[in-house]
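Please open the model in your viewer and keep the sequence panel beside it, since this tour moves from one selection to the next and says at each stop what can be found there.

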Amino acid sequence: AILNLDPAALLARVNTVLLAQQEPMVTVVCGYADSRKYQFTFATAGHPAPALLEPGQPPRFLACGGLPLAIIDGATYHTYTVQTVPGAMLVLYTDGAIEHSRDLLIGERFLLEAIANAERDESSEPAIAIFDAIFRKRSVGDDVAILTVAFQNSPDPPHGASSELISQPKSGVPGS
């Protein structure tokens, strides 16, 4: 990442390294959140789409795409930037959070409902609330990780948190 902080460029470099090392396929979301500008800049490689919940709106999946890493040489990835608002919550998760029913559309619907319920219940630990809502009546069949990122209502980050902008995506990048 020191060479170029653009998420798509980073994924392309990692893809080249993984292919050279004959590593197995992997999916990933790579990105960073700017808490002062309320932006999330990211690229994906075969990973499920991040979800975004904004105040007063239903949760939605972010547009993204890209082949998993270590599939083909020369794969290209795209950097996306989403502009959000104070009070928004970003949800990143592994495929185990949506593949429990063997029907991705049902799994995605359960995830979006769980995100909405976590916000409605004003949970202090939304990732745990989302997990509990999905798996209360279902068994876990794969690894599940859920990460939530809250965009605070105040432009001042919590004590001890850094909100420095690390890099800007190149102009003309799709989605920016």
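The stops below go from the overall fold to the core, the aromatic rings, two loop residues and a pocket.

Begin with the whole chain in a cartoon representation, bearing in mind that this is a predicted model. The protein has 3 helices and 7 strands, and if you follow the sequence from its start, these elements come in the order α-β-β-β-β-β-β-α-α-β. Colouring by accessibility would show that, of the 176 residues in the protein, 38% are buried. Among contacts with a separation of 6 or more, 66% are between residues 24 or more positions apart.

Next, select V91, Y93, L111, I115, I130, I134 and I146, which are the residues touching the most other members within the 16 residues of the largest nonpolar core. To see where this core draws its residues from, add strand 3 (51-53), strand 6 (89-93), helix 2 (104-120) and helix 3 (126-135), each of which supplies at least two of them. Then centre the view on I115 and display its surroundings: leaving aside residues up to four places away in sequence, I115 touches A51, L53, P59, M89, V91 and I130.

Now turn to the aromatic side chains, where the count comes to 4 aromatic pairs. Select F40 and F42 and look at their rings: the centres are 4.9 Å apart and the planes are at 10°, an angle under the 30 degrees limit, so this pair is stacked. Both F40 and F42 are buried, and if you add Y80 to the selection, you will see a cluster in which ring pairs link F40, F42 and Y80.

For another aromatic pair, go to F131 and F135, whose rings are tilted, with 4.9 Å from centre to centre and 40° between the planes. Both residues belong to helix 3, and because they are 4 residues apart there, about one helical turn separates F131 from F135. Are F131 and F135 buried or partly exposed? F131 has a relative accessibility of 29% and therefore counts as partly exposed, while F135, with a relative accessible area of 9%, is buried.

Leave the rings for the backbone and select Q22, in the loop between helix 1 (7-20) and strand 1 (28-34). Q22 is not a glycine, yet its phi is positive, at about 55°. Its relative accessible area is 73%, and because the cut-off for exposed is over 50%, Q22 counts as exposed.

The companion stop is Y38, which you will find in the loop between strand 1 and strand 2 (39-45). Y38 is likewise a residue other than glycine with a positive phi, here near 60°. With a relative accessibility of 11%, under the 20% limit, Y38 is therefore buried.

For the last stop, display the surface around the largest pocket, which has a volume of about 300 Å³. Of the 15 residues lining this pocket, select G87, A88, M89, E119 and A150, the closest to its centre. Colouring the whole lining by class gives 8 nonpolar, 4 polar and 3 charged residues. While M89 is selected, you may return to I115 for a moment, since M89 is also one of the residues that I115 touches.

Methods
Residues numbered from 1 in each chain as written. Predicted model: local features only at pLDDT ≥ 70, side-chain atom pairs only at ≥ 80, totals over all residues. Heavy atoms only, no water. 1 Å grid on protein atoms, 1.4 Å probe; cavity = no way out; pocket = protein on both sides within 12 Å on 5 of 7 lines; lining within 4 Å. Points joined across faces, edges and corners; volume = space filled by probe spheres on them. Nonpolar A, V, L, I, M, F, W, Y, C, P; charged D, E, K, R; others polar. Core = buried A, V, L, I, M, F, W, Y, C linked by side-chain atoms within 4.5 Å. Buried < 20%, exposed > 50% of the residue type's maximum accessible area, 1.4 Å probe, protein only. Helix = DSSP H or I, 4+ residues; strand = E, 2+ residues; numbered from the N terminus. Contact = heavy atoms within 4.5 Å. Phe/Tyr/Trp six-rings, centres within 6.5 Å; stacked < 30°, edge-to-face > 60°.
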